[in-house]
Amino acid sequence: MKKTYKLRNLDCANCAAKIENGIRKLTDVTEVKVNFMGQRMILEAPEDKFNAVLEESKRIIKKLEPDVSIDA
């Protein structure tokens with residue numbers, strides 16, 4: 001399953017790279033791309049584990065960049 005999310009308050013390309021690298025380390029992530037210019041994140045994971053991956057991704061984002069939030 002692949003979904004695109006809007007990221008709010010993503011301030012720099014380095015921040016986007018940190019988030020992408022952090023989420024990529026999750027076991028069930030098939031693919032993740034964080035686009036700083038588009039303020040978007042594309043997340044792909046198995047459908048049966050997608051919600052758990054999304055919640056863990058949100059925790060990683062808050063840990064790395066507390067001001068960034070995900071709009072569903």
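Q: Two strands pair if DSSP finds at least two bridges between them; in what order do the four strands of the open sheet stand?
A: This is a predicted model, in which local features need pLDDT of at least 70, side-chain atom pairs count only at pLDDT 80 or more, and totals for chains, interfaces and linings use all residues. Residues are numbered from 1 along each chain as its sequence is written, and side-chain values use heavy atoms, with hydrogens and water left out. Strands (E, at least two residues) and helices (H or I, at least four) are DSSP runs numbered from the N terminus. The order in the sheet is S2-S3-S1-S4, with antiparallel pairing. The edges are S2 and S4 (69–71), each of which pairs on one side only.

Q: How do you know that S2 and S3 pair?
A: Five bridges join S2 (residues 31–35) to S3 (residues 40–44), in the antiparallel sense. The rule asks for at least two bridges, so the two strands qualify. One bridge sets Glu31 opposite its partner Glu44 in S3. S2 and S3 form a hairpin with four residues between them, and Gln39 in the turn has a positive phi of about 55 degrees.

Q: How do you know that S1 and S3 pair?
A: S1 and S3 run antiparallel and are joined by five bridges, so the requirement of at least two is met. Lys2 stands opposite Glu44 in S3.

Q: Why do Lys2 and Glu44 count as a salt bridge?
A: The term requires a side-chain nitrogen of Lys or Arg within 4 Å of a carboxyl oxygen of Asp or Glu. The closest N and O atoms of Lys2 and Glu44 are 3.9 Å apart, so the pair satisfies the limit. Lys2 lies in S1 (residues 2–8) and Glu44 in S3, so this bridge ties together parts that are 42 residues apart in sequence. A search of the whole structure finds eight salt bridges.

Q: Why is Lys2 called exposed?
A: Buried means under 20% relative accessible area, exposed over 50%, and partly exposed in between (1.4 Å probe, protein chains only). Lys2 has a relative accessibility of 52%, so it counts as exposed.

Q: What makes Glu31 and Lys33 a salt bridge?
A: Their closest N and O atoms are 3.3 Å apart, so they meet the limit of 4 Å. Both residues lie on the uncovered face of S2, together with Asn35, whereas Val32 and Val34 form the covered face. Glu31, at 27%, is partly exposed, and Lys33, at 46%, is also partly exposed.

Q: What makes Lys58 and Glu55 a salt bridge, and where do these residues lie?
A: The closest N and O atoms of Lys58 and Glu55 are 3.6 Å apart, so they too meet the limit of 4 Å. Both lie in H2 (residues 50–64), three residues apart, about one turn of the helix. Lys58 has a relative accessible area of 33% and is partly exposed; Glu55, with 38%, is partly exposed as well.

Q: Which residues of H1 and H2 meet?
A: Contact means heavy atoms within 4.5 Å. Lys18, Ile19, Gly22 and Ile23 in H1 meet Ser57, Ile60, Ile61 and Leu64 in H2.
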